[in-house]
Protein chains: 4
Amino acid sequence: MGQLQDLEYADEPKKRGRHRSLEAKTAILKATLQLLERESLRKVTAEAIARRAGVSKATIYKWWPNKSMVALDAYLAGTTERVAVPDTGSAEEDFTEQLKSLTAFYTSTLGRLFCQFIAEGQSDPAFLASFRERFLYARRDAAKIMWRRGVERGEIRSTIDGDVVLDMIYGPIIFRLLAGHGSLNDSESEAIVEAVFGGLRRSDYQKPAKKKKTGHSAKRPKAHL
Amino acid sequence: MGQLQDLEYADEPKKRGRHRSLEAKTAILKATLQLLERESLRKVTAEAIARRAGVSKATIYKWWPNKSMVALDAYLAGTTERVAVPDTGSAEEDFTEQLKSLTAFYTSTLGRLFCQFIAEGQSDPAFLASFRERFLYARRDAAKIMWRRGVERGEIRSTIDGDVVLDMIYGPIIFRLLAGHGSLNDSESEAIVEAVFGGLRRSDYQKPAKKKKTGHSAKRPKAHL
Amino acid sequence: MGQLQDLEYADEPKKRGRHRSLEAKTAILKATLQLLERESLRKVTAEAIARRAGVSKATIYKWWPNKSMVALDAYLAGTTERVAVPDTGSAEEDFTEQLKSLTAFYTSTLGRLFCQFIAEGQSDPAFLASFRERFLYARRDAAKIMWRRGVERGEIRSTIDGDVVLDMIYGPIIFRLLAGHGSLNDSESEAIVEAVFGGLRRSDYQKPAKKKKTGHSAKRPKAHL
Amino acid sequence: MGQLQDLEYADEPKKRGRHRSLEAKTAILKATLQLLERESLRKVTAEAIARRAGVSKATIYKWWPNKSMVALDAYLAGTTERVAVPDTGSAEEDFTEQLKSLTAFYTSTLGRLFCQFIAEGQSDPAFLASFRERFLYARRDAAKIMWRRGVERGEIRSTIDGDVVLDMIYGPIIFRLLAGHGSLNDSESEAIVEAVFGGLRRSDYQKPAKKKKTGHSAKRPKAHL
DNA sequence: ATCTAAACGAGACGGTACGTCGCGTCTTTCC
DNA sequence: GGAAAGACGCGACGTACCGTCTCGTTTAGAT
């Protein structure tokens, strides 16, 4: 998919009056991205974007509902690179590769935008939905290809839901990315994928005879984390 | 005692002037929590807290650098319950229990504060650090007890780092919580823990003969029984 | 036309963006004046002006450096009447007339603003300068016409500086206005002008040899008035 | 005319080990005066006074209703010199002398406090009253002695009220002091006293036959200054 | 060759929250 | 028991960014 989009019906050829300025649009997205390399989304103001893009603030708000959406567009347009979908023949290796490259990118200046979007989404559900639709699901769909291959090859247990699989692989890294605990390098990525594939359980462990399940849920305390 | 407060050295008994008003402090924290039950952290204003607490805005800013910190204190002070550390005899069950209760809480009104804190932290590194120190690590330390028991009993592979284990278990849920994709109910929690313990890998899978790949998998001891 | 306004070059016809809202400006000045009729300048807040004018506080601060300047503008804009320059044929009568009307006005609610401006000027030299330029000198120029006529007619000694003349006439009243000692009615105005014109000196005074003092002070009570 | 300073316990001989209170009081007044030499009354804060005096803010407010009153006390206590009441044998000379010294003082750093008090009084009637009673009337009483001598000697017309006389002499200078128009040097003082004594009226001027007085008051416009 | 609708730049605007400052009061401990 | 230290409620300050709204200016299809 191209870096830009024309959500607007590209078919309708001629409208009355002056057309939307492509220069303005491009300038806005470019300026936004440049500013976001230096400051967090929160600190980048609509005014700064307008100023740097040589554009009126009204032009921004004419085409985007708020600056988060501008940023999302800028991010999507600017991140031309295709989602890496390695095909090494081994799902585990595929995921390892991808997690490494993903971690490397998310740790970069621009990559941290991912976190900012998640953050912004916490107080703007509409934006979060948009982020999921336009960004997250695209990545997940691509990742699911790797998963599916793994299942088909018989590498991955078919009983586990694909979304669960993806969350198992990406969740830990994203958690670390957001909370800032734990390191984020290649070996961590490897270790995570290895652990996720291998499972925590010791293969030679024998479950002791299970007792009657007691009413844990009844006495369940309000626990956190 | 609670996990929180008295940042101030409680030992030093007497200071010169008028003491910090405990009423004011309590009122602020209480008011903050009440407001946060209804509005997102972003929408709760310092002024609203002051008004509801019957307190001057200056008093708030005297003791806290910003409202996020107030909210963190309010959250920590308000959540007096201990971290649930179930001890069913099985680490897997322990984690399942805990993940269920955690999910239930984080889905609740107040529980969503967790997300807001993470969000706030994305544009305020100092706050994020504080959040980690005062909230996250405490929870993780508690959770590590369950993990350690599992390792000692021989349930959990000892080769996997404890932090990785925790991130594997909690990461997926927290990812879903933040990004809003995927459901968050008890059966999901169960599925995740099951998958994390069991691993993705099909036990009867035999890796095909490898070509020139690096020997990551080579040094991995895989004794499938 | 009024003595004020359109500090901005009224000639230059078209500026690029949205023009300054005349409604806002008028509303601000009007609201300020209305508030000043009830409260002292010190007690009138920028917020109250904004509220009453239906205007944003930022709009006020965009065009005026502080509320004193707003008040000065409001005063000047609201006091559209020309300076009274009576022309009775007699400078003494002219000044008497003017002093009476001036005293009457300065004693009124809005007139007391004069004092507030002077007061404000004591801690804000820039404002005081502005007050002089835009208010005081205009009035004095007008009053000097009366003085000049008096000099030309041969009524007033030409050896006395015009500014001294004005200060002699207005100084006493303004002193009383500000310090609050002494009454401020028509007869006082008359008495002052009479005394200023006639001078303190007894025309038939001959410097005598020094004598003993007599207890005249007994018949004059220490009345501070 | 060293009108000031050495508040320092020049007089405190009593080693009667009385309470700290007198020391505190002295320190407060001294600190206030020192601060007022640098900043306007408006800008000197109660806290700054307390800090500099090594005194608690409460102590200040225990003895004074507000900081203006402290400043007034400080001023009165610091200005130990007696009011200069020259007695040259000529009232005109007396007044000239006094006006010169008064102008010199009021133009000085500390002397400008006079203006600040007047200013403060415009929004605090109680303070203004206090200022009149404790400062102004004392000066005026002293000045009246000079006036009375002039009347008794036959220098000054006895038909003019003493207060009018004082306002005629001091009003112009105080007006200039407050509004900042016009210079304030010795020759101006001389010119003013000369003019006030001599009167504006040209001695050889003959009033033309007066016409019937027309209803000036009826058509009197709202004039200013 | 106009006419006219749309998009644009510039930038003023209402609104809302911010974090700070000074006042004068109140509370606690120390001397 | 009076004073220091200093926290407090109050209320105004001036700033910042939001997203909206005119303006007058361009652009380009429609007439």
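Which polar backbone atom is 2.9 Å from a phosphate oxygen of DNA strand E?

**View 1. Contacts of the protein with the backbone and bases of DNA strand E.** In this predicted model, the answer is a polar backbone atom of D:Ala46, which is 2.9 Å from a phosphate oxygen of DNA strand E. The elements that give two or more residues to the surface near this strand are helix H3 (57-63) of chain A, helix H2 (46-53) and helix H3 (57-63) of chain B, helix H3 (57-63) of chain C and helix H3 (57-63) of chain D. A phosphate oxygen of DNA strand E also lies 2.7 Å from a polar side-chain atom of A:Thr59, while a base oxygen of the strand is 2.8 Å from an N or O atom in the side chain of B:Lys57.

**View 2. The residues that surround DNA strand E.** There are 48 residues around DNA strand E, and of these B:Tyr61, C:Thr59, C:Lys62, C:Trp63 and D:Tyr61 come nearest. Sorted by class, the surface near the strand has 18 charged, 17 polar and 13 nonpolar residues. Seen from the side of the DNA, 66% of the atoms of strand E within 4 Å of the protein belong to sugar or phosphate, and the rest belong to bases.

**View 3. The extent of the interface between chain B and chain A.** Here 73 residues of chain B are in contact with 64 residues of chain A. Between them the two chains bury about 6,700 Å², of which 58% is on carbon and sulfur atoms. Within chain B, the residues that lose the most area to chain A are B:Arg157, B:Phe175 and B:Leu200, which together account for 12% of what that side buries.

**View 4. Salt bridges and polar contacts between chain B and chain A.** Across this interface there are 8 salt bridges, including one formed by A:Arg176 with B:Asp167, in which the closest N and O atoms are 2.5 Å apart. The interface of chain B and chain A also holds 26 residue pairs in polar contact, counted where both residues have pLDDT 80 or more. On the side of chain B that touches chain A, the elements giving two or more residues are helix H5 (91-107), helix H6 (113-122), helix H7 (125-153), helix H8 (162-179) and helix H9 (186-198) of chain B. Among these, H8(B) gives the most to that side, with 15 residues. By class, the side of chain B that touches chain A has 34 nonpolar, 25 charged and 14 polar residues.

Note on methods. Residues numbered from 1 in each chain as written. Chains lettered and ligands numbered in written order. Predicted model: local features only at pLDDT ≥ 70, side-chain atom pairs only at ≥ 80, totals over all residues. Heavy atoms only, no water. Near = heavy atom within 4 Å. Polar contact = N/O pair within 3.5 Å; in protein donor to acceptor, adjacent residues only side chain to side chain. Helix = DSSP H or I, 4+ residues; strand = E, 2+ residues; numbered from the N terminus. Nonpolar A, V, L, I, M, F, W, Y, C, P; charged D, E, K, R; others polar. Contact = heavy atoms within 4.5 Å. Buried area = accessible area lost by both parts, 1.4 Å probe. Salt bridge = Lys/Arg side-chain N within 4 Å of Asp/Glu carboxyl O.
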